[in-house]
Amino acid sequence: EATPEIKKGLVGVYADVSTISKVMPETNSLTYRGYAVQDLCENCSFEEVAYLLWNGELPNRGQLAEFKAAEAAEREISPALHRVIKDFPASAHPMDAIRTAVSFMGMEDPESADVSEAATRRKAIRLLAKIPTAIAAAHRAAKGLPPVAPDPSHSFGENFFNLVFGKVPQPEVLKAFDVSLILYAEHTFNASTYTARLVTSTGADIHGAITAGIAALKGPLHGGANEAVMHMLTEIGGPEQAEEWLSTRFDHKALVMGFGHRVYKSGDSRVPTMTKYAEKMAEVVGDRRWMETSRVLAAKMLKEKNIHPNLDFPAGPAYYLMGFDIPLFTPIFVAARITGWAAHVIEQAADNRLIRPLSHYTGPEQRPVPPMDQR
Ligand code: CMC
């Protein structure tokens with residue numbers, strides 16, 4: 001029997017069409033609904049980008065006000081979910097906590113079983129609004145702190161900080177955070193988005209798709225890398241140790257987190273913008289150590305391996321400088337990527353065909369089942 005061509009890791013496979021975003025590796029560029037991400041970062045809020053991803057066009061003033069009000073009105077999580085969160089093990093990883101909380105929200109949702117586009121859009125708003133509340137409640141519960149109530153007068157970014165820290169930071173910090181959310185919002189058929197589309201292709205509901213997406217995002221080869229980057233930087237300690245540390249990694253042929261990308265081979269379109277805002281954070285905080293260490297690592301990776309950093313590389317230190325605990329970094333990615341995931345869930349459902357590839361069998365030939373005493 002001839003071996004069919006196997007596309008391990010689905011490298012280079014076009015699995016469907018999409019109108020949501022476009023990655024152009026030849027020019028290191030990325031557009032959402034036709035707009036360059038850098039342009040969106042400099043001129044729009046995260047809420048405007050969420051609206052764009054879900055509706056195909058940027059909102060006008062009235063549409064934005066309506067969208068923000070709808071999101072702000074849905075931020076509370078139920079007393080039942082608060083109780084469940086309080087019972088999570090204090091040692092639980094925040095990604096496991098938010099995955100479980102989203103799954104629970106699915107059971108509670110008044111339109112749980114309704115997979116119509118209209119219901120899915122309403123559920124997407126509820127997820128966008130409630131995910132930060134659940135992330136922050138679980139984080140605070142693990143520290144023995146009471147939850148902070150969401151304030152509907154806050155923007156999405158202000159609300160996130162307030163829920164986690166009980167206060168809103170200065171505008172430069174909020175802007176850097178908003179930029180990170182915009183950059184994390186969407187990125188074509190990455191592993192977690194494709195997972196969400198695959199779940200949707202079976203006719204399952206959006207909470208199931210997003211729960212599965214969160215499970216996929218946790219992995220260190222995907223979203224978990226932003227957390228891994230910061231663990232790496234703190235382990236290195238400072239720019240003086242960076243070259244030697246990296247040489248040891250090379251000797252062990254180990255992966256260096258925050259570098260490499262399946263699609264971009266000569267630079268991630270999102271890195272220059274995120275680096276600029278991470279640098280601003282270093283200035284605001286007055287701590288250049290992590291950005292200096294990053295600079296040494298990136299230069300040596302490029303010179304010796306010809307591998308460029310990806311978005312997680314500058315996002316890790318940016319979040320650290322904003323004051324977030326390292327295990328919260330990937331949940332922040334969830335809070336942003338829910339926008340892209342939901343856009344893909346809606347797109348997949350609108351023109352669906354069950355996703356079901358083939359496997360080429362390489363196990364034992366067919367054989368009889370031996371009786372128990374002959375095994
Ligand atoms: N450190 C060291 N070597 C690397 C790295 C890295 N981070 N990334 C790629 N390489 C090497 C790889 O070992 C391979 O070498 P060889 O040809 O000798 O076997 C070569 O570069 C080509 O890479 P690949 O294995 O074909 O790359 P891939 O497309 O299968 O994997 C990746 C892409 C992102 C999984 C991988 O680069 C990686 O594991 N990076 C570290 C984790 C990371 O930062 N992930 C975040 C991804 S982007 C944003 C996100 O999703 O959050």
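**Exercise 1. Place D109 in this predicted model: list its contacts, locate it in the chain and classify its exposure.**

Step 1. Start with the contacts. Leaving aside residues up to four places away in sequence, D109 touches K123, R126 and H207.

Step 2. Locate the residue. D109 sits in the loop between α5 (94–108) and α6.

Step 3. Check one contact along the chain and in space. D109 and H207 lie 98 residues apart in sequence. Their C-alpha atoms are 9.0 Å apart.

Step 4. Count neighbours. D109 has 19 other C-beta atoms within 10 Å. A residue is buried at 20 or more and exposed at 12 or fewer. D109 is therefore partly exposed.

**Exercise 2. Describe how helix α6 packs against helix α10.**

Step 1. Take the geometry. Helix α6 covers residues 117–142, and helix α10 covers residues 206–217. Their axes come within 10 Å and cross at roughly 45°.

Step 2. Name the arrangement. Angles under 35 degrees count as roughly parallel, and 65 to 115 as roughly perpendicular. The crossing angle therefore makes α6 oblique to α10.

Step 3. List the residues. From α6 come T120, K123, A124 and L127. They meet I206, H207 and I210 in α10. K123 and H207 also touch D109.

Step 4. Sort them by class. The contact of α6 with α10 has 4 nonpolar, 2 polar and 1 charged residues.

**Exercise 3. Work out the arrangement of α8 and α13, and list their contact residues.**

Step 1. Take the geometry. Helix α8 (residues 171–184) and helix α13 (residues 271–285) pack at about 155°. Their axes are 10 Å apart.

Step 2. Name the arrangement. The cut-off for roughly antiparallel is over 145 degrees. So α8 is roughly antiparallel to α13. The crossing is left-handed.

Step 3. List the residues. α8 contributes E172, V173, A176, V179, S180 and L183. α13 contributes T273, M274, Y277, K280, M281 and V284.

Step 4. Sort them by class. There are 8 nonpolar, 2 polar and 2 charged residues in the contact of α8 with α13.

**Exercise 4. Set out the two domains, then find which helix supplies the largest share of the side of domain 1 that touches domain 2.**

Step 1. Set the bounds. The domain assignment gives domain 1 as 31–220 + 333–350 and domain 2 as 225–322. Their centres, taken over C-alpha atoms, are 26 Å apart.

Step 2. Count the contact residues. In domain 1, 12 residues are in contact with 16 residues of domain 2.

Step 3. Assign the domain 1 side to helices. α1 (37–43) and α8 each supply at least two residues. The largest share, 7 residues, comes from α8.

Step 4. Sort that side by class. It divides into 9 nonpolar, 2 polar and 1 charged residues.

Terms used
Residues are numbered from 1 along each chain as its sequence is written. This is a predicted model: local features need pLDDT of at least 70, side-chain atom pairs count only at pLDDT 80 or more; totals for chains, interfaces and linings use all residues. Axes are lines fitted to C-alpha atoms, for helices over the stretch in contact, and angles run from 0 to 180 degrees between N-to-C directions. Helices (H or I, at least four residues) and strands (E, at least two) are DSSP runs, numbered from the N terminus. A crossing is left-handed if the near helix is turned anticlockwise from the far one by less than a right angle, and right-handed if clockwise. Two residues are in contact if their C-beta atoms, placed from the backbone, lie within 7 Å. Ala, Val, Leu, Ile, Met, Phe, Trp, Tyr, Cys and Pro count as nonpolar, Asp, Glu, Lys and Arg as charged, and the others, Gly among them, as polar. Domain bounds come from an automatic or database domain assignment.
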